[in-house]
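Okay everyone, thanks for coming. Have a look at the slide, and I'll walk you through the fold piece by piece.

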Amino acid sequence: MSPEADEAAYVPPPPLARVRLRARERGVGRAVREMATWCAGYAAGLPVTVAGSRPGFRFGGREYRFLYHRHGFTWLNERAVEVPIAARALADAHGARVLEVGNVLAHYGYRGHTVIDKYERGAGVLNVDALEYSPSEPYDLIVSVSTLEHVGWDETVRDPPRAERSIGALARHLRVGGTLLVTVPVGYNPVLDEAIRAGRLPFSTLRALRRTGRTAWEEAEPADVWDVGYDQLLCAANAVLVGTVDRPE
């Protein structure tokens, strides 16, 4: 969320609060070492945002480049892989009717499509709840980058099943032959994780990526990432699920 977000929007706890919590859970030394590692990784990645040269990863049989961007320090979190995957979907759907749920891609230069975000204010952003959105026409592509796990989970009135219902509702806004692409950080919202694991979501495909280093990710089987924890100290995932819903022609 941007600084322009509504007061009710999700914002991570302040860094100092997160460090204190980690220190209580795992000890001061562990928390200090983790923050030092983060700072070293941040410094190491900065030159790449200027130079532009960056390593790649393979996902779904296709080659991608990791995203190194100063907004959100992407090389240190799941944005490194999520945004390139979503951006490729946008490129493949060039000229089609596209909806993004959660105002994420505009921060990395991808614009020109409809965006809904319940909380974040911005040019062209429709402040609408994903579950209540009712477009006048269906979409060829709907993308959501690490947004739906917050629905019903990080809101003033907590309603965890709302995220699951939102994905089902969005799938109904697809044209015949259209695709819904959703990325979810593993371990952040355990209720949504369980819904996905139990097969209650209408996904046509479900793939996963697992972090193997600071900015090193590899494709993995979804069954192999359920035990991977979310890093609450650094607000970063160590595994990401990528689900698609395809509306048959």
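Let's start with a small question: which residue is the bridge partner of leucine 99 in strand 6? The answer is isoleucine 142.

Before going on, some housekeeping. This is a predicted model, where local features need pLDDT of at least 70 and side-chain atom pairs count only at pLDDT 80 or more, while totals for chains, interfaces and linings use all residues. Residues are numbered from 1 along each chain as its sequence is written, and side-chain values use heavy atoms, with hydrogens and water left out.

When I say helix or strand, I mean DSSP runs numbered from the N terminus: helices are H or I with at least four residues, strands are E with at least two. Two strands pair if DSSP finds at least two bridges between them.

So, back to that pair. Strand 3 and strand 6 run parallel and are joined by 3 bridges. On to strand 7: 6 bridges connect strand 6 to strand 7, again in parallel, and valine 145 has threonine 183 of strand 7 as its bridge partner.

Now zoom out to the sheet. It's an open one of 8 strands with mixed pairing, in the order 5-4-3-6-7-10-8-9. Strand 5 (125-126) and strand 9 (216-220) are at the edges with a single partner strand each, so one side of each has no neighbour in the sheet. At the strand 9 end, strand 8 (residues 205-213) is joined to strand 9 by 5 bridges, and these two run antiparallel. There, alanine 208 is bridged to alanine 220 in strand 9.

How covered is strand 6? Mostly: 6 of its 7 residues are buried, where buried means under 20% relative accessible area, exposed over 50% and partly exposed in between, with a 1.4 Å probe and protein chains only.

Next, the helices. Helix 3 (residues 79-92) lies across strands including strand 3 (98-101), strand 6 (139-145) and strand 7 (174-185), and runs at about 170° to strand 6. Helix 5 lies across strand 7, strand 8 and strand 10, at about 130° to strand 7. For those angles, axes are lines fitted to C-alpha atoms, for helices over the stretch in contact, and the angles run from 0 to 180 degrees between N-to-C directions.

Helix 5 (residues 190-197) also packs with helix 4 (residues 161-171), at an angle of about 50° and with the axes 8 Å apart. That makes helix 4 oblique to helix 5; the scheme is under 35 degrees for roughly parallel, over 145 for roughly antiparallel, 65 to 115 for roughly perpendicular, and oblique for the rest. Contact here means heavy atoms within 4.5 Å. Pro161, Ala163, Glu164 and Ile167 of helix 4 meet Val191, Leu192 and Ala195 of helix 5.

Helix 4 is itself mostly covered, with 8 of its 11 residues buried. Its cover includes strand 3, strand 6, strand 7, helix 5 and strand 10.

One residue to zoom in on is alanine 171, in helix 4. Is alanine 171 buried or exposed? It's buried, because its relative accessible area is 14%. Leaving out residues up to four places away in sequence, alanine 171 touches Leu180 and Val245. Its C-alpha is 8.1 Å from that of proline 202, which is 31 residues away along the chain.

Last stop, helix 2 (residues 28-51). The buried residues of helix 2 are Ala31, Glu34, Gly41, Gly45 and Val48. That's my tour, thanks!
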